[in-house]
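Trainee: Please take one part of this model and look at it closely. I would like the helix packing, with the cysteines and the other helices as context.

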Amino acid sequence: MSEEGHPPSAWEHTDNERPSYSPHHTYSNTPAQPYLTRDSLDVHPQVPPTPTRSASPPRSSAESPRRQTNLKWRDSTLPAATPISVQPPDDDGILETSFEENVLRALCDLDCGVPLLLDRIKQSMISCREVSGFLKKRAALEEEYGRNLQKLARSTANAYAGNGGRAGSFVNAWSGLMKMHESVAENRVRFATSLTEMSQELAKVANEGDQERKNTKDLAQRYERALQDAEATTEKSKSRVEVTAEELERVLIQKEGESVRDTGVQGRSPGGVSGKRVIGKAVAKGGLLLKGKNPGNIQRQADDIRARMSAASDAYRKNVTDTQAIRQEYFNFQLPRILRVLRDVAGNLDLGTQYHLNRFAMLFEATVLDEGCTLAPVDDKPGVKSIIESIDNRADFKVYMHNYAFAHGGTHTRGPRREGPKEDGFLPPIAAVHHAAGSPNTTNSQIPDKGRPTFGVDLAEQMARDDVDVPLIMVKCCEAIEKYGLDYQGIYRVGGTVTKVAKLKERLDKDLDSVNLDAEEWSSDISIVTSVLKQWLRELPNPLLTHQLYDSFLDATRNDNERLRHIRLHERVNDLPDPNYATLKYFMGHLHKIVEHEAENSMTVQNIAIVFGPTLFSPGQPGANGHMNGMADAGLQNKWLTSSPTQAIETILDHYTDIFVDEGDE
């Protein structure tokens with residue numbers, strides 16, 4: 001009678017197939033050690049362990065139907081062995097478990113841990129592929145838009161050059177507008193390239209996760225089938241022991257001379273399973289068991305059955321031990337390892353999707369902000385509005401008329417003659433009418449120059465010449481700004497139209513007193529006045545905070561302590577010459593009013609400091625020969641101009657009241 005049994009090396013064909021997940025995009029590092037290992041399986045080599053009862057049915061992998069098994073041997077009364085603990089180590093408060101470890105333990109306690117993770121991975125793959133598809137389509141739209149816009153701008157610029165359109169300021173503005181469109185188009189094409197890369201990376205992450213999910217699912221199913229085969233083999237060996245026990249009992253009854261019918265033997269299995277046995281089954285299995293009542297034959301039959309009974313019992317015990325070892329191996333080692341791999345796959349998919357969505361958000365925001373800065377720069381560079389406003393139709397027509405007259409004068413003979421002999425009826429020319437100086441028709445070019453320039457003149461010289469405490473141009477501009485621009489969005493940060501700024505500068509330089517800043521031409525766009533005032537400050541031969549105190553202001557700004565920096569800067573301000581101090585005090589009071597309307601004009605102390613830091617200081621210092629040492633310390637100046645001037649102006653403006661306002665003036 002052949003013995004069937006599950007070999008003890010049931011895992012040998014799968015132990016080398018460790019599930020691993022090592023895609024190119026790994027977004028988290030989770031420890032790969034299970035909390036229960038082979039070392040915890042303290043199985044006695046001689047005594048088969050007693051299977052522990054489980055309140056839940058055996059675990060099965062997910063997407064295969066669960067096979068219903070009736071494991072009667074769980075109720076057997078085999079000799080008890082040392083119980084095997086399958087609980088995770090207690091938290092003794094010394095080592096804190098991470099979130100992932102707690103999740104893994106919870107999954108190990110669930111009967112549906114594997115299908116749960118498989119379904120979760122499937123959801124994550126769908127989400128990942130949806131995001132990848134969206135990014136791919138968005139990239140196609142952005143690239144098409146960028147390419148078409150770029151093509152339109154270039155073709156329009158090239159076509160205008162040969163169409164004989166207007167020249168002068170219009171062609172300059174038109175060319176600048178087309179270049180701005182090209183810049184926006186290039187920005188969109190770069191954005192589309194980044195979106196395409198992200199889409200491809202996400203698709204790769206999803207494919208790798210899908211492949212790893214399939215591999216791990218197949219491995220889990222192989223482990224489960226091995227455990228189910230071992231349980232089936234144990235059940236067969238148990239049935240063989242029961243049949244052999246029936247045969248032996250029949251022979252022993254026959255040997256004692258008792259009739260089979262008189263005995264009415266109740267079947268008892270070695271494992272203590274209740275239920276009557278059918279005698280006919282023993283007869284069918286025993287063959288010639290009841291043939292011949294020779295005592296010698298009966299004894300030989302009993303010895304043969306005892307031998308088979310011993311072999312069947314040994315095989316049954318061996319199968320029980322092997323099955324128990326396989327079960328412990330699966331639930332304590334293989335299952336946590338499979339769950340960890342599946343959890344890593346789901347985590348990598350989720351983190352990868354979130355990572356690329358964050359990249360998309362940042363790139364999208366940066367693209368829109370770049371376009372905004374291109375259309376409306378925060379520095380003095382012209383934006384789309386200022387480019388369009390730079391078109392001067394009158395000046396263009398004047399230049400065109402002059403050039404046309406020069407090119408065609410004297411050659412056009414089809415029109416009437418202007419002059420001719422008196423005898424032919426020609427009248428003498430009418431004398432030109434000259435308007436008075438105060439006439440409203442007086443042009444800007446007719447403004448007389450009083451010889452008192454304002455721009456590029458030393459501050460002390462201006463104030464002594466005009467006999468004033470504060471330069472007239474600063475008072476005039478600041479009063480107009482406070483009257484019309486306190487609520488102006490981005491005051492001092494937004495520049496005025498280049499042509500109008502140059503026009504106002506010329507008029508102020510020729511005759512400061514005659515300029516009326518309340519006129520509609522200047523009050524309607526107060527950024528023209530702010531740009532002129534900043535230009536006046538930049539063109540001072542010696543900056544407002546002076547070259548001589550350059551190093552002193554630098555040393556004071558280096559103090560990390562806020563209070564000490566305030567004190568040192570206060571001392572440096574007091575060291576300024578009287579004209580510079582008076583001008584700085586007036587100007588800081590003006591900026592203080594600007595900051596008080598921060599809610600309307602969005603100009604905080606930091607924004608004001610960024611605008612006027614480089615303006616009130618100078619990158620160069622006078623050397624021994626009186627000239628500026630602009631190139632010798634270029635590296636130090638560039639570094640200092642980006643931080644120290646801003647911080648100095650910010651500190652002075654923050655403490656304006658402490659530095660400039662006396663207690664009696666409050």
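Mentor: This is a predicted model. Start with a cysteine. Cys 108 is buried, as its relative accessible area of 5% falls under the 20% limit. Cys 478 is buried too, with a relative accessible area of 0%. Is there a bond to go with that? Cys 478 takes part in no disulfide. Its nearest cysteine sulfur belongs to Cys 477 and lies 6.9 Å away. A disulfide needs the two sulfurs within 2.5 Å, so this pair does not qualify. The disulfide count by this rule is zero.

Now the packing. Helix α10 covers residues 459-466, and helix α17 covers residues 578-596. Their axes come within 9 Å and cross at roughly 85 degrees. That angle lies between 65 and 115, so α10 is roughly perpendicular to α17. From α10, the contact uses Leu 459, Ala 460 and Met 463. From α17, it uses Pro 579, Asn 580 and Thr 583. By type, the contact residues divide into four nonpolar, two polar and no charged. The spacing has a general background. An α-helix has 3.6 residues a turn, so residues three or four places apart point the same way.

Next, helix α21, residues 644-654. This helix is mostly covered, with eight of its 11 residues buried. The buried ones are Ser 644, Pro 645, Thr 646, Ala 648, Ile 649, Thr 651, Ile 652 and Leu 653.

Last, an annotated stretch. An unreviewed UniProt entry lists residues 213-240 as "coiled-coil region". In the model, residues 213-240 are 100% helix and 0% strand. The end C-alpha atoms of that stretch are 41 Å apart.

Note on methods: Residues numbered from 1 in each chain as written. Predicted model: local features only at pLDDT ≥ 70, side-chain atom pairs only at ≥ 80, totals over all residues. Heavy atoms only, no water. UniProt positions renumbered as here; feature names shortened; annotations may be inferred. Helix = DSSP H or I, 4+ residues; strand = E, 2+ residues; numbered from the N terminus. Buried < 20%, exposed > 50% of the residue type's maximum accessible area, 1.4 Å probe, protein only. Axes fitted to C-alpha atoms, helices over the stretch in contact; angles between N-to-C directions. Parallel < 35°, antiparallel > 145°, perpendicular 65-115°, else oblique. Contact = heavy atoms within 4.5 Å. Nonpolar A, V, L, I, M, F, W, Y, C, P; charged D, E, K, R; others polar.
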